[in-house]
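Thank you all for making the time; I would like to walk you through one structure this morning, going slowly, since it is new to most of you. Please have a look at it first, and then we will begin with a single residue.

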Amino acid sequence: MRIALMVIRLFLKAPYYLFRIWWCGKSSKISFEEAYWYIKMVTQKANRAGRVTIETYGIENLPEKDGFIFFPNHQGLFDVLVFLDSCPRPFSFVAKKEAGNIILLKQVMKALGAYAMDREDIRQSMKVIQKVADNVKQGKNFLIFPEGTRSRMGNKMLEFKGGSFKSAVKAKCPIVPCTLIDSFKPFDENSIRPVTVKLIYMPPMYYEEYKDMKTVEIASELKRRIEETMKTYL
């Protein structure tokens, strides 16, 4: 219902927005940064049209230099839109391969140079992990959901997968834990009532802190930190 509300309230502009996002992914003259800021603008308009408010905390925790990876809990289909609405630093993301077939999301992924991962194809997954690591080394930021799929349990989390952190280990980059609260409500609840979603950017883990940890240990530690933060903000 909320997606329908967004489309109805932006009906006259939606075709133009879709065309421009498609063109951002098609034209070599449009930079990644330019594409990001345009998609961010469209996202903010869509969220307002859908009666969604984003409350953001901890922006000051973001690393000074680009070349880091966000690792948030994964609550619902709205999660990426929370980051696009709030994040002051351009980023791309990794999604499951099925997302590459969804209209608009497909165009956004192309425009931002996002990667689709086939979790059942180990070879393809390893290629994506390496590509993300290479991109991060070159100063591009990424968003990866360590649960692998949305929890479908509201503000409760699934286990974090150690393999999700391989790109960060390969890139030796800062890991930025993020806590999403009530992000399942906008798209996963059949309602158009006003809703507020919280996003907390937490202090990063730098390579020196996690270099001697196994990826499963990193996963466990980040899950613990996010759970503690969620309890505080709930």
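In which helix is Thr 43 found? Thr 43 is found in helix H3, where helices (H or I, at least four residues) and strands (E, at least two) are DSSP runs numbered from the N terminus. Before I go on, I should say that this is a predicted model, in which local features need pLDDT of at least 70 and side-chain atom pairs count only at pLDDT 80 or more, while totals for chains, interfaces and linings use all residues. Residues are numbered from 1 along each chain as its sequence is written, and side-chain values use heavy atoms, with hydrogens and water left out.

Back to Thr 43, then, which is buried, with a relative accessible area of 6%; buried means under 20% relative accessible area, exposed means over 50%, and partly exposed is in between, with a 1.4 Å probe and protein chains only. If we leave aside its neighbours within four places in sequence, Thr 43 is in contact (heavy atoms within 4.5 Å) with Leu 81, Leu 84 and Asp 85.

Let me widen the view to the helix itself. H3 has 18 residues and spans 26 Å from its first C-alpha to its last, close to the 26 Å expected at 1.5 Å a residue, the expected span being 1.5 Å times one less than the number of residues. Its buried residues include Phe 32, Tyr 36, Ile 39 and Val 42, and the elements that cover the buried residues of H3 include helix H1 (2–9), H2, S1, H4, S3 and H5. Just after H3 comes Arg 51, which takes a positive phi of about 65 degrees.

What does H1 bring to this packing? The buried residues of H1 are Arg 2, Leu 5 and Met 6. They cover an arc of only 100 degrees around the axis, so they sit on the same side of H1, the arc being that of the directions from the helix axis to the C-beta atoms. These buried residues of H1 pack against H3, S1, helix H8 (185–188) and S7.

Now to the core. The largest nonpolar core, meaning a set of buried Ala, Val, Leu, Ile, Met, Phe, Trp, Tyr and Cys residues joined through side-chain atoms within 4.5 Å, has 42 residues, and among those with the most contacts inside it are Phe 70, Phe 83, Phe 91 and Tyr 201. Elements that each supply at least two residues of this core include helix H2 (14–26), helix H3 (32–49), strand S1 (52–57) and helix H4 (79–86), and H3 gives the most, with eight residues. Not counting residues up to four places away in sequence, Phe 91 touches several residues, including Phe 32, Tyr 36, Phe 70 and Leu 143. Apart from this core lies another, of 29 residues, among them Ala 133, Ala 168, Met 205 and Ile 218.

The next element I would like to show you is helix H6 (residues 122–137), which has 16 residues and reaches 23 Å from its first C-alpha to its last, close to the 22 Å expected at 1.5 Å a residue. Its buried residues are Ser 125, Val 128, Ile 129, Val 132, Ala 133, Asn 135 and Val 136. Seen down the axis of H6, these fall within an arc of 165 degrees, so they line one face of the helix. The face turned away from that buried side carries the exposed residues Arg 123, Lys 127 and Lys 137.

In the loop between H6 and S5 lies Gln 138, which is exposed, with a relative accessible area of 67%. Gln 138 and Gly 67 are 71 residues apart in sequence and 6.8 Å apart in space, C-alpha to C-alpha.

Finally, the cysteines. How many disulfides does a search of the whole structure find? The search finds zero, a disulfide being a pair of cysteine sulfur atoms within 2.5 Å. Cys 24 is in no disulfide, and the nearest cysteine sulfur, that of Cys 87, is 18 Å away. The sulfur of Cys 173 is 12 Å from the closest cysteine sulfur, in Cys 178, which is too far for a bond. Cys 24 is buried, with a relative accessible area of 5%, and Cys 173 is buried as well, at 2%.
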